[in-house]
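Trainee: I am new to this structure and would love a close look at one part of it. Could you walk me through its charged side chains, and tell me where they sit and how they pair up?

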Amino acid sequence: MSQAFDKVKGVTELPIFPLAVVLFPGVPLPLHIFEPRYRQMLDDVRAGDSMFGVSYFDASTSEREAPAAGHIGCVAEVTETQTMPDGRSNILTVGIIRYRLEEYIERENPYLLARLSYFEDEPEDATLLSENARDVAETFTRIARAVRTINDERANLPDISATEPQRLSFLVAAAMEIDTEVKQDLLELRSTAERLRRLREMLGRAVSSYEERARVHELAKGNGHSGRKLDLE
């Protein structure tokens with residue numbers, strides 16, 4: 001059993017926080033808690049296991065009032081809390097493990113409470129996963145390097161080449177600038193190989209554009225003097 005499963009062992013129900021974001025396991029998520037019902041939720045979870053469920057839900061585009069049964073979300077664990085004098089809080093959470101929302105539980109809580117089941121990716125060929133992960137890590141690093149050039153950032157990039165494939169797939173999916181619905185699709189997949197394949201395709205389509213923008217940015221910074229003649233004909 002993984003450490004993630006150990007965290008939720010015996011936890012069959014959790015508060016649900018519907019948000020217009022997708023949380024992935026192992027990824028941090030800072031939140032500002034200001035609504036009274038979620039202040040109460042925070043008080044309750046801090047008095048217990050410090051966990052609640054984050055479910056992607058965009059109220060502005062949904063006819064429902066909450067995520068439907070069967071929805072896939074991610075358990076968040078509160079790791080830091082800063083409470084303000086007026087009762088609002090800034091908290092830092094980290095994704096632990098994905099869940100399937102089985103059913104809502106009717107109680108007197110002001111927030112949603114649901115019964116959950118937990119899952120991770122299915123076992124797959126380790127060699128294939130390592131190869132796919134290496135490709136994703138290399139292409140993502142190329143894009144990250146280009147973005148830093150565009151933003152004139154000088155800090156060194158972290159080395160993600162040795163990151164475990166499932167964890168890598170979650171970190172890259174969270175970091176990419178893609179539609180939230182696409183992120184939700186990636187979260188729901190139970191195949192690391194398929195998630196990596198989709199990420200590799202998306203990164204492959206984007207890398208040339210980012211590197212070209214970085215090249216142009218560097219030329220512009222040097223007023224076009226790149227040390228070689230430009231063919232203007």
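Mentor: Happy to; what follows is a tour of the charged side chains, pair by pair, ending with a surface patch. Please keep in mind that this is a predicted model.

Let's begin with the overall count, which comes to 15 salt bridges. We will look at some of them in turn.

A good place to start is the pair made by Arg195 and Asp121, whose closest N and O atoms are 2.8 Å apart. This salt bridge ties together distant parts of the chain: Arg195 belongs to helix H6 (residues 192-221), while Asp121 is in the loop between S6 and H3, and 74 residues separate the two. Are these partners buried or exposed? Arg195 has a relative accessibility of 0%, so it counts as buried. Asp121 comes out at 12%, and because buried means under 20%, Asp121 counts as buried too.

Now stay with helix H6 and find Arg215 and Glu212. Their side chains meet in a salt bridge, with 2.8 Å from N to O. Here both partners lie in helix H6, 3 residues apart, which is about one turn of the helix. Arg215 has 39% relative accessibility and therefore counts as partly exposed. Glu212, at 37%, also counts as partly exposed. Next comes a group of four: Glu194, Arg197, Arg198 and Glu201 are joined into one network by salt bridges that share partners.

Another pair to find is Glu35 and Arg37. They form a salt bridge in which the closest N and O atoms are 3.0 Å apart. Glu35 counts as partly exposed because its relative accessibility is 29%. Arg37, at 37%, is likewise partly exposed.

Finally, let's turn to charges outside these pairs. Glu122, Glu124, Asp125 and Glu131 form a negative surface patch. To place one of its members, look for Glu124 in the loop between strand S6 (112-119) and helix H3 (126-150). Why can Glu124 belong to such a patch? Patch members need over 30% relative accessible area and no salt bridge. Glu124 has 31% relative accessibility, so it counts as partly exposed and passes the area cut-off.

To retrace the tour on the structure, start at the buried Arg195 and its partner Asp121, go on to Arg215 and Glu212 in helix H6, and finish at the negative patch that includes Glu124.

Note on methods:
Residues numbered from 1 in each chain as written. Predicted model: local features only at pLDDT ≥ 70, side-chain atom pairs only at ≥ 80, totals over all residues. Heavy atoms only, no water. Patch = residues over 30% accessible without salt bridge, like charges linked within 9 Å, V, L, I, M, F, W, Y side chains within 5 Å. Areas by Shrake-Rupley, 256 points an atom, 1.4 Å probe, with all protein chains shown as cover. Lys, Arg positive; Asp, Glu negative; His and termini not counted. Charge placed at Lys NZ, Arg CZ, Asp CG, Glu CD. Helix = DSSP H or I, 4+ residues; strand = E, 2+ residues; numbered from the N terminus. Buried < 20%, exposed > 50% of the residue type's maximum accessible area, 1.4 Å probe, protein only.
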